[in-house]
Amino acid sequence: MAKHDHEHDHEHDHDHQDNRWSELQLRVKALESLLVDKKLVDPAALDVLIDTYENKVGPRNGARVVAKAWSDPAYRARLMTNATKAIAELGYSGRQGEDMVAVENTPRLRHMVVCTLCSCYPWPVLGLPPVWYKSAPYRARAVREPRAVLADFGVKVADDVEIRVWDSTAEVRYLVIPERPPGTEGMNEEQLADLVTRDSMIGTGDPLKPGAAQP
Amino acid sequence: MNGAHDLGGLDGFGPVQPEPVKPVFHHAWEERVFALTVATGFLGRWNIDASRYARERTDPLTYLRSTYYEQWFRGLRLLLVERGLIDAKELETGRAAGPGPVAALAAKDVPTVLAKGSPTARPIDAPARFPIGARVRVKNLHPKTHTRMPRYCRGRVGAILRDHGGQVFPDSNAVFAGEQPKRLYAVRFEARELWGPDASARDSVVLDLWEPYLDAAS
């Protein structure tokens with residue numbers, strides 16, 4: 001395709017997408033107005049829900065859990081025995097995290113979590129899932145070619161390491177505990193939590209090295 | 001049902017596109033669809049399995065062309081009408097014929113209901129049919145309604161890795177036929193059992209599967 005045609009198509013796609021989103025904006029607004037008129041929805045409650053998952057609940061919660069597990073062997077033992085209870089010790093519980101299981105990476109075993117049927121994800125510790133987690137490429141490929149998916153994230157895993165993919169088909173929610181990076185001896189929990197990325201707790205990334213900044 | 005939502009193992013969707021933690025929502029309407037879905041979910045007219053089933057009933061072409069929150073929006077409109085919170089005419093015109101049958105979730109109650117969640121663990125008396133390590137074969141079933149048994153594991157043999165205890169059975173709960181709790185297991189399958197000889201000899205997939213999905217395997 002000539003460059004000119006390609007640009008034309010690209011602009012056409014953008015216009016098409018913009019129309020799609022502005023039409024959806026109107027339709028969603030109309031449904032919200034109807035439900036408010038019928039007193040089935042309190043718009044202030046919607047604002048609280050959005051604020052909760054946009055600003056309050058996110059992967060920093062999970063990072064604190066991982067950092068504590070790295071620092072405190074007794075906590076790590078409680079987390080591996082009863083993750084729901086151990087995570088609640090830090091104040092994280094409730095919707096989409098009612099039944100938690102922690103799975104721990106080792107030098108021979110690496111975990112990765114997907115939901116091929118929908119978008120199951122541990123909200124209290126990771127917040128809402130990123131777009132890629134809910135989209136067809138990840139849901140289709142994670143169970144079939146996890147090593148190729150990890151390559152999309154820039155992660156290479158040695159052939160002699162088992163990759164164990166957890167397909168979240170029930171209400172149990174899985175949190176990956178990545179391996180503690182070398183060179184972090186002497187770091188406190190807050191410093192360690194800065195190294196724990198969202199993707200490292202899904203299993204599609206590694207924790208940051210000391211001194212690197214969160215993406 | 002064998003719907004387009006059952007994506008495990010399909011080819012042709014292209015690469016995964018990583019993204020940073022923020023923004024959480026990518027359009028203003030997405031956050032409203034999210035909040036409307038969660039808020040109306042607390043009105044007691046349906047459960048999480050029914051809401052998944054509502055999204056799955058989208059025709060496959062539309063499902064695959066839709067973004068995630070478009071799927072939610074479509075499922076929500078279906079449930080609101082099917083479960084009698086609004087009628088089809090109200091949905092079409094946007095005009096309320098009268099107040100709804102139940103009271104809205106109040107803003108002040110949001111933190112409480114989120115903290116409480118909707119636990120699905122249910123103690124059951126029946127002993128576990130399969131001990132840890134037992135080999136099981138997933139039944140080759142193709143129910144026309146909701147199930148949490150992906151196609152790619154049907155007929156395949158795995159080993160019991162964990163016993164999660166009793167859990168609400170989604171196949172019945174989704175169609176309002178009761179919770180009928182059943183024992184849930186994490187079952188580990190070798191990648192080659194699922195995907196053939198070209199798959200890694202070392203890798204594995206674990207699925208959470210309810211006891212009625214499973215037969216003993218030798």
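Contact here means heavy atoms within 4.5 Å. With that in hand, here are some close-ups of this predicted model.

**View 1. B:Val168 and the residues around it.** Let's start in a loop of chain B, the one between strand 2 (157–167) and helix 7 (170–173), where B:Val168 lies. Leave aside its neighbours within four places in sequence, and B:Val168 is in contact with B:Asp49, B:Thr120, B:Arg122, B:Asn173, B:Glu179, B:Pro181 and B:Trp210. One of those partners, B:Glu179, sits 11 residues from B:Val168 in sequence, with 5.0 Å between the two C-alpha atoms. Is B:Val168 buried or exposed? Its relative accessible area is 6%, so B:Val168 counts as buried.

**View 2. Chain B as a whole.** Stepping back from the loop, you can count eight helices and five strands in chain B. Read from the N terminus, the elements go α-α-α-α-α-α-β-β-α-β-α-β-β. The C-alpha trace of chain B spans about 60 × 45 × 35 Å along its principal axes. Of the chain's 218 residues, 49% are buried. Take the contacts in chain B between residues at least 6 apart in sequence: 67% of them join residues at least 24 apart. As for the outside, chain B has an accessible surface of about 10000 Å², and carbon and sulfur atoms account for 54% of that. Chain B also carries 30 positive and 25 negative charges, and the mean positions of the two sets are 2 Å apart.

**View 3. B:Phe34 in the largest nonpolar core.** In soluble globular proteins, nonpolar side chains tend to be buried together. Here the largest nonpolar core has 115 residues. Which residues have the most contacts inside it? They are A:Leu79, A:Tyr138, B:Phe34 and B:Leu214. Zoom in on B:Phe34, skipping residues up to four places away in sequence, and you find it touching A:Leu49, A:Tyr53, A:Trp123 and A:Leu128 from chain A, along with B:Phe25, B:Tyr69 and B:Trp72 from chain B.

**View 4. A salt bridge from A:Arg20 to B:Glu70.** Side chains of opposite charge can pair when their charged atoms come close. Over all chains, the structure holds 31 salt bridges. One of them pairs A:Arg20 with B:Glu70, whose closest N and O atoms are 2.4 Å apart. This pair crosses between chains, linking helix 1 (residues 3–37) of chain A, home of A:Arg20, to helix 4 (residues 68–82) of chain B, home of B:Glu70. Since the cut-off for buried is under 20% relative accessible area, A:Arg20 at 22% is partly exposed, while B:Glu70 at 11% is buried.

**View 5. Another crossing, from A:Arg147 to B:Asp203.** The side chains of A:Arg147 and B:Asp203 meet in a salt bridge, 2.8 Å from N to O. The pair crosses between chains: A:Arg147 is in helix 9 (residues 146–152) of chain A, and B:Asp203 is in the chain B loop between helix 8 (191–195) and strand 4 (204–210). How do the two ends fare for cover? A:Arg147 has a relative accessible area of 22%, so it is partly exposed, whereas B:Asp203, at 3%, counts as buried.

**View 6. Salt bridges inside chain A.** A:Glu162 pairs with A:Arg164 in a salt bridge, with 3.0 Å between the closest N and O atoms. A:Glu162 is buried at 12% relative accessibility, and A:Arg164 is buried at 13%. Elsewhere, salt bridges with shared partners join A:Arg60, A:Arg64, A:Glu190 and A:Asp194 into one network.

Definitions and conventions: Residues are numbered from 1 along each chain as its sequence is written. Chains are lettered from A and ligands numbered from 1 in the order in which they are written. This is a predicted model: local features need pLDDT of at least 70, side-chain atom pairs count only at pLDDT 80 or more; totals for chains, interfaces and linings use all residues. Side-chain values use heavy atoms; hydrogens and water are left out. A nonpolar core is a set of buried Ala, Val, Leu, Ile, Met, Phe, Trp, Tyr and Cys residues joined through side-chain atoms within 4.5 Å. Buried means under 20% relative accessible area, exposed over 50%, partly exposed in between (1.4 Å probe, protein chains only). A salt bridge is a side-chain nitrogen of Lys or Arg within 4 Å of a carboxyl oxygen of Asp or Glu. Helices (H or I, at least four residues) and strands (E, at least two) are DSSP runs, numbered from the N terminus. Accessible areas come from the Shrake-Rupley method with a 1.4 Å probe; for residues, only the protein chains shown count as cover. Lys and Arg count as positive and Asp and Glu as negative; His and the chain ends are not counted. The place of a charge is taken as NZ of Lys, CZ of Arg, CG of Asp or CD of Glu.
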